[in-house]
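Biologist: Could you walk me through this one at the bench level? I'd like to start on the inside and work outwards.

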Amino acid sequence: MGSLAVVDCPTGLAGNMLLAALFDCGLPEEVVHQPLAALGLAGLYRLQLEERRSAGLRGLHLEVELLERQPPHRHWASLKEQIQAADWPPALRESVLRVFGVLAEAEGAVHGHPPEQVHFHEVGALDALVDVVGVCAGLQHFGVERLICSPPPAGHGQVKSAHGLLPVPVPAVLELATRHGVPLATSAGFPGAELTTPTGLALMVAWAECFAPAPSLRPSRLGIGLGTRELDRPNQLRLLLAEADVPAGRAPELQTVVQQQAQIDDATPEDVAFLQEALREAGALEVFAQPVVMKKGRAGSLITALAWPEQAEALRAIWWRYGSSLGVREQQQQRWALPRQIEQRQTPWGPVRFKRSIRPDGSALCKPELEDLIPLAQQRQLPLDQLRAELLRWLEEQP
């Protein structure tokens, strides 16, 4: 079933609290230093770890001391290139890019810039780099495959920033919560303060399968990361490493997608099919056509494409290049989707990729990929439905 991590954050989320909790679980410092050195950051920071107490409860406090005399502003575009070029394991590179990607999208939306043009202190600061790389490397060091996070309180009041006084929750935190359907716990009863930072929330958006209470589990390690701010209660984040007692259902994710549509009545069926395939190749998640009756009774097609928001511009270029419509309607929509993964198995019929997902009730969905079934069915001279049924029976018999 793999290792399960549970993040309990009753007083909020911050990158240094998450990393401190990992160190408290026994994470060796070298696991953090090594990928940062590969990124060219050796000697530019120092980790100050100290056991402290908050409202009488112990934990580890982490402060990243910056040793750069004049820290540069790191743009997301150049930072992305630096991460992609680093000599890292692919899984670490993918998770770090995911964290900074969702953070850059949120900050870009707040400031009205494309993500690649974002340069801002939260992403560019060296301490954020240390936190993000360290947390991702630490979770992978412990073999974490699933992570569940409790809904964090964001805080209230005002906070000083490079842009002046900002309301709390800060704009980037609200944007992340809105984009990714993150429930925020009440901040009632807390003193005015920023409790959840953009970096901390971006880490959980990238890693957590859901923001909910923990399932039944067997704890194996416990780490406590302390916040810097003094509150009227213990300012701590608890990280549990465990094994789930039973296969837990996967909570559906609330995702934001872009829907693009155009009605076409002056193209041949071949032209419409060509446009649909071009949209798919440009990154559309789904493309489909529906027959419609347009003005003056003309028969036409309603073409719909769904894509991630960052693909919208590339898809618009396809509409203008290959479509005959003079306009494209576009709107953001939200959808609930079960997390899924693709795994390849060597079967008696040949290699086949299976798409797997777990419903919230714990029951499994598994479907062999059609692109793999077709050549095997042709080789074996079998109907697709018969081959699909035999593959699923074989899969159920595997340990």
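**Inside and out**

Modeller: Lining the largest cavity are V7, L18, L22, V135, L139, L147, M204 and L239. Bear in mind that the model is predicted.

Biologist: How much space lies in the largest cavity?

Modeller: Rolling a probe the size of a water molecule over the atoms shows where empty space is left. With a threshold of 30 Å³ or more, the count comes to one cavity. The space in that largest cavity is about 30 Å³.

Biologist: How do the residues of its lining divide into nonpolar, polar and charged?

Modeller: Look at who is there: the lining includes V7, L147 and M204. Val, Leu and Met count as nonpolar. The lining divides into no charged, no polar and eight nonpolar residues.

Biologist: Which helices each supply at least two residues of that lining?

Modeller: L18 and L22 are among the lining residues, and helix 1 covers 15–24. V135 and L139 line the cavity too, with helix 6 spanning 126–141. The ones you want are helix 1 and helix 6.

Biologist: Why is strand 1 largely enclosed by the rest of the structure?

Modeller: Strand 1 takes in residues 3–8. It pairs with strand 4 (residues 144–149) in the parallel sense, over five bridges, and A5 stands opposite L147 there. Strand 1 is largely enclosed because, of its six residues, the number buried is five.

Biologist: And helix 8, how many of its residues are buried?

Modeller: Buried here means under 20% relative accessible area. Helix 8 runs over residues 198–207 and is mostly covered. P198, G200, M204 and W207 are among its buried residues, and M204 also lines the largest cavity. Out of 10 residues, the buried ones come to nine.

Biologist: Now the open sheet in the order 15-16-17: which strands stand at the edges?

Modeller: Three strands form this sheet, with antiparallel pairing. The edge strands have a single partner each, so one side of each is left without a neighbour in the sheet. Those are strand 15 (340–347) and strand 17 (364–368).

Biologist: Which residue in strand 16 does E343 stand opposite?

Modeller: Strand 15 and strand 16 (residues 350–358) run antiparallel and are joined by eight bridges. Neighbouring strands of this sheet are turned by 30° against each other on average, direction ignored. Opposite E343 stands F354.

Biologist: What is the angle of helix 11 to strand 16?

Modeller: Helix 11 (residues 370–380) lies across both strand 16 and strand 17. Its angle to strand 16 is about 150°.

Key: Residues are numbered from 1 along each chain as its sequence is written. This is a predicted model: local features need pLDDT of at least 70, side-chain atom pairs count only at pLDDT 80 or more; totals for chains, interfaces and linings use all residues. Side-chain values use heavy atoms; hydrogens and water are left out. Two strands pair if DSSP finds at least two bridges between them. Helices (H or I, at least four residues) and strands (E, at least two) are DSSP runs, numbered from the N terminus. Axes are lines fitted to C-alpha atoms, for helices over the stretch in contact, and angles run from 0 to 180 degrees between N-to-C directions. Contact means heavy atoms within 4.5 Å. Buried means under 20% relative accessible area, exposed over 50%, partly exposed in between (1.4 Å probe, protein chains only). On a 1 Å grid over the protein atoms alone, a cavity is a set of points where a 1.4 Å probe fits but cannot get out, and a pocket is an open set with protein on both sides within 12 Å along at least five of seven lines; lining residues have an atom within 4 Å of a point. Grid points are joined across faces, edges and corners, and a volume is the space filled by probe spheres set on the points.
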